[in-house]
Amino acid sequence: MKPFQLLIKPVSFNCNLRCTYCFYLRAKELYPETERPQMTEKVLDSIISQFMGYQFKESIIGWQGGEPTLAGLDFFKKVVSLQQKHGTPGQIVGNALQTNGILIDEEWCKFLHEYRFLVGLSLDGPKSVHDKYRKSIGGKSVWEKVMNAARMMRNHQVEFNILCVISKANVNRVKEVFDFFINNGFFYLQFIPALEADEQGKKASFSISTSQYGKFLCELFDLWKNSPNQISIRLFNTMIAKILGYPEGFCVLEQNCADYLLIEWNGDVYPCDFFAKESYKVGNVLDQDLASLLEKRDKTFGKLKGKLAKDCLSCKWLSYCYGGCIKDRIFIDNPHPEKTYYCEGLKMFFEYSHEWFLHKAKELS
């Protein structure tokens with residue numbers, strides 16, 4: 001059996017923030033009768049026992065939301081105990097937690113360090129940037145709490161990286177945002193462009209255009225290339241990995257969608273966190289085993305990315321993006337829905353940076 005990973009949402013859409021650009025709050029439409037979803041031990045045990053039983057070389061589970069820490073620290077202690085119960089001596093397990101940081105305290109940090117969780121902390125830049133779209137339910141700033149979470153995790157030697165959403169708040173402030181991260185000792189970064197539709201089906205006001213994305217990446221690249229060995233930026237690492245022929249681990253630019261299953265709080269399974277919709281539902285872990293659910297996913301959703309536009313097939317950058325993320329292809333306001341909305345922006349970046357990456361890869365080979 002080919003290895004795959006899991007992305008588990010123990011509290012589904014439940015969150016203690018109301019970020020303007022959040023796409024996952026709409027998952028509430030799947031469970032309209034549920035106010036505060038919470039994964040039961042029965043569902044959790046079914047998932048962990050099956051997954052650990054496959055004995056992959058590495059058993060990787062991501063925990064997201066909503067805000068996964070709302071499940072409580074005791075829930076994650078149970079996660080670890082079940083992994084130990086159903087695993088075998090020497091089996092490698094990796095847990096990744098994506099969080100807004102609001103609930104992170106000393107006890108959380110001790111736990112995350114002890115069990116080597118890799119944490120993704122959502123932070124969009126300095127206070128004026130972060131506060132634009134990432135606020136509490138009551139509309140208040142949470143920036144200080146996020147920064148405090150970062151300080152605590154660093155003090156407790158918790159491994160963490162920064163996930164920054166590129167929006168109208170920071171797309172034209174590249175150097176300011178980059179300097180903020182570096183000056184605060186944040187050297188592991190990933191940048192995700194905001195792209196959602198408003199109620200009229202048009203590009204939402206916070207979303208960035210393809211030209212803005214391309215310009216952002218080029219400016220970011222110019223700042224990063226002066227110290228590429230000190231600062232890790234996921235997209236740029238992927239570029240080097242592609243040239244060297246290594247697995248990239250960044251599904252947006254890979255030939256196929258990543259091999260993982262999204263599992264909701266009640267065991268419902270979907271092919272991707274961007275496609276948690278009834279029409280894409282694969283099944284439920286209490287009714288079918290994970291391997292058969294993955295097989296079903298591969299036969300349906302798994303074939304979508306391979307359906308490329310004619311423009312893509314003749315594009316010199318085909319092997320760099322393979323048409324981009326499916327989510328960004330089927331975006332309702334996309335003028336060319338057969339390829340990523342960000343096509344022109346990515347081309348701009350590839351043209352601008354390609355020669356440098358070729359030379360860098362040669363140095364490393």
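**Second largest pocket.** I started with the second largest pocket of this predicted model, and looked up what lines it. I found 13 lining residues, with Arg26, Glu196, Ala197, Lys277 and Phe331 lying nearest the pocket's centre. Sorted by class, that lining has seven nonpolar and six charged residues, and no polar ones. I noted about 330 Å³ of space for this pocket.

**Cavities.** Next I checked for closed-off space. How many cavities of 30 Å³ or more are there? I got one. For the largest cavity I wrote down about 110 Å³ of space. Its lining takes in 13 residues, and nearest the centre I found Cys312, Cys315, Cys321, Cys343 and Lys347. Helix H10 (310–313), H11 and H13 each give two or more residues to that lining. H13 has the largest share, with four residues. By class I noted eight nonpolar, two polar and three charged residues around the largest cavity.

**Helix H13.** Since H13 had turned up at the cavity, I followed it along. The helix covers residues 343–364 and has a kink of about 50°, centred on Ser353. Ser353 is also on my list of buried H13 residues. The others on that list are Cys343, Gly345, Leu346, Phe349, Phe350, His354, Phe357, Lys360 and Ala361. Cys343 I had already met near the centre of the largest cavity.

What do the buried residues of H13 pack against? I found three partners: helix H7 (210–224), helix H8 (234–244) and helix H11 (318–321).

**Phe349 and the cores.** I picked Phe349 from H13 for a closer look. Leaving aside neighbours within four places in sequence, I found Phe349 in contact with Leu217, Cys218, Phe221, Leu235, Phe236, Met239 and Phe357. Phe349 is also among the residues with the most contacts inside the largest nonpolar core, along with Leu6, Trp63, Phe76 and Phe181. That core has 102 residues. Apart from it I noted another core, of 17 residues, among them Phe23, Cys257, Tyr260 and Phe275. A general reminder to myself: in soluble globular proteins, nonpolar side chains tend to be buried together.

**Gln83.** Last, I went to helix H2 (residues 73–86), where Gln83 is found. Is Gln83 buried or exposed? I put it down as buried, because its relative accessibility is 7%, and the cut-off for buried is under 20%. Not counting residues up to four places away in sequence, Gln83 touches Ile48, Met52, Ile61, Val93 and Asn95.

Terms used
Residues numbered from 1 in each chain as written. Predicted model: local features only at pLDDT ≥ 70, side-chain atom pairs only at ≥ 80, totals over all residues. Heavy atoms only, no water. Bend = angle between axes of the 7 residues up to and from the residue. Buried < 20%, exposed > 50% of the residue type's maximum accessible area, 1.4 Å probe, protein only. Contact = heavy atoms within 4.5 Å. Core = buried A, V, L, I, M, F, W, Y, C linked by side-chain atoms within 4.5 Å. 1 Å grid on protein atoms, 1.4 Å probe; cavity = no way out; pocket = protein on both sides within 12 Å on 5 of 7 lines; lining within 4 Å. Points joined across faces, edges and corners; volume = space filled by probe spheres on them. Nonpolar A, V, L, I, M, F, W, Y, C, P; charged D, E, K, R; others polar.
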